[in-house]
Structure formats: C-alpha cells, structure tokens
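Me: I've got a structure open and I'd like to know what stands behind the labels people put on it. Can you take me through them?

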Amino acid sequence: MKDPVQESAGDWRQVFGALANEETRRYYAQQVLGLESDLRPERRAKARQNLASAGLLDERGLVDEQVFARVLAAGARRDQRTGSERYFDEAGRIDRYPRKHEERLGLLRVVAGKVLRHGQRLTEAELTSKLEEFTDDPVLLRRYLVDYGMLLRQPDGSAYRLADGSD
C-alpha cells in the first residue's frame, strides 16, 4: 500500500491548499525557522496533520526539505504527457477531470474502453468495482460515463454496456 504522504508530495494543489490556511502556514513557518509554535495544542495538531497530508512534513513530523523539488519535478513530468494520459496519475488513476468538454469526452472514452468490452454487460456492482481502479469516487465516474453517452444503462439499472450499438 502506498504511503499517503509520498502520494501527495507531488501534488501542488495539496501543498498550496495546506499553505492557504493562515494557521497552518504560520505553524509551517515556525517549523522551518525552528521556532516554538504559539498555536493552541488542538490547532497545532490540526496544522501538523494538514502539513503531513500535503507532504510538507515527513512521517516524523519534521519539515521535508525536498517537497518543493518533488512537486516541481512531478509538474514537469505531467507537462510532458499528452492527450487523455495527462489526467491520470502514475498509478493509472484519474487525478482530475478535464474542464474542456472534448477532453473530458476523450478521458471518459479511455476509461469506458478499459472497463468494458464491446457487447459485454456488467451489473451496477461489477461496474462500480471496476471503476474503483480509476477513482476514489466510482459512483461519480459511472454517472459521467452514462451522462456523457459512453455507457448505456438498462432502465431498471440492472446492467450497463458500452454505447456502441451492440447488444
């Protein structure tokens, strides 16, 4: 199983999200400078948790001096990817949905093609289980696949298939 600190360390949104909070940012600055924190214990614990989740503190709670280098490197790698692959992380999971309609359609086509074969039918539970390989919110992804016309759903919800005209 992957370490959540290591997984988030390459995500600039996590880093900036943590530092957007004034108390978390103050606690981080105090840690970087080696100062005693002036936050109340419960606020200090929350700030420490936010920083650790973003990868700014290591597993021992110490400032991770390499986090910014990793975030920049991850961004540089991501920028080199093209097409729908830009929206998948290194593990092959969707890390964000495209804003542009055509790009979102492309991403959903890729996922639909990986989950179902032409002519194959899956129950809702089977489909949801397969979609969990791509996202932490398989129900949202299933909804997108249906709403964007990639999958057809039986009226009673009992089965799903590719929207390719095959039975």
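**What's behind the labels**

Reply: Happy to. This is a predicted model, and the mean pLDDT of its protein chain is 86, with 87% of residues reaching 70 or more.

Me: What makes residues 1-9 a stretch to treat with care?

Reply: Their pLDDT stays under 50, on a scale that runs from 0 to 100. The model does have 15 contacts beyond four places in sequence for residues 1-9. Still, where pLDDT is low, the predicted coordinates should not be read in detail.

Me: Fair enough. What's the overall layout of the protein chain, in helices and strands?

Reply: Eight helices and three strands. Going along the sequence, you read α-α-α-α-α-α-β-α-α-β-β.

Me: How do you know which strands sit at the edges of the sheet?

Reply: Start with the order: the sheet is open, its three strands run 1-3-2, and the pairing is antiparallel. Strand 1 (121-122) and strand 2 (151-153) have a single partner strand each, so one side of each lacks a neighbour in the sheet, and that puts them at the edges.

Me: And why do strand 1 and strand 3 count as paired?

Reply: Pairing takes at least two bridges. Strand 1 and strand 3 (residues 160-162) have two, in the antiparallel sense. Look at Arg 121 for one contributor: its bridge partner in strand 3 is Arg 161.

Me: Why is Thr 135 called buried?

Reply: Because its relative accessible area is 10%, and buried means under 20%. Thr 135 sits in the loop between helix 7 and helix 8. Leaving out neighbours within four places in sequence, Thr 135 is in contact with Arg 93, Tyr 97 and Leu 141.

Me: What makes Arg 109 partly exposed, then?

Reply: Its relative accessibility is 47%, and partly exposed covers what falls between under 20% and over 50%. So Arg 109, by that value, gets the partly exposed label. Arg 109 belongs to helix 6. Its C-alpha atom is separated by 6.4 Å from that of Met 150, although the two residues are 41 apart along the chain.

Me: How do you know that the buried residues of helix 7 lie on the same side of it?

Reply: The residues in question are Leu 127, Thr 128 and Leu 131, in a helix that spans residues 124-131. They cover an arc of only 100° around the axis, so they end up on the same side of helix 7. As for what they pack against, the list is helix 6 (101-115), strand 1, helix 8 (138-147), strand 2 and strand 3.

Me: Which residues have the most contacts inside the largest nonpolar core?

Reply: Val 111, Val 115, Leu 141 and Leu 145, in a core of 21 residues. Helix 6, helix 7, helix 8 and strand 3 each give two or more residues to this core, and helix 6 gives the most, with six. Val 111 touches Phe 88, Ile 94, Leu 131, Phe 134, Leu 141 and Leu 145, not counting residues up to four places away in sequence. There's also a second, separate core of 14 residues, including Ala 18, Leu 51, Leu 57 and Val 71.

Me: How much of the protein chain counts as buried?

Reply: 38% of its 167 residues. The accessible surface comes to about 10400 Å², and 50% of that belongs to carbon and sulfur atoms.

Key: Residues are numbered from 1 along each chain as its sequence is written. This is a predicted model: local features need pLDDT of at least 70, side-chain atom pairs count only at pLDDT 80 or more; totals for chains, interfaces and linings use all residues. Side-chain values use heavy atoms; hydrogens and water are left out. Helices (H or I, at least four residues) and strands (E, at least two) are DSSP runs, numbered from the N terminus. pLDDT is the predictor's confidence in each residue, from 0 to 100. Contact means heavy atoms within 4.5 Å. Buried means under 20% relative accessible area, exposed over 50%, partly exposed in between (1.4 Å probe, protein chains only). The arc is that of the directions from the helix axis to the C-beta atoms. Accessible areas come from the Shrake-Rupley method with a 1.4 Å probe; for residues, only the protein chains shown count as cover. A nonpolar core is a set of buried Ala, Val, Leu, Ile, Met, Phe, Trp, Tyr and Cys residues joined through side-chain atoms within 4.5 Å.
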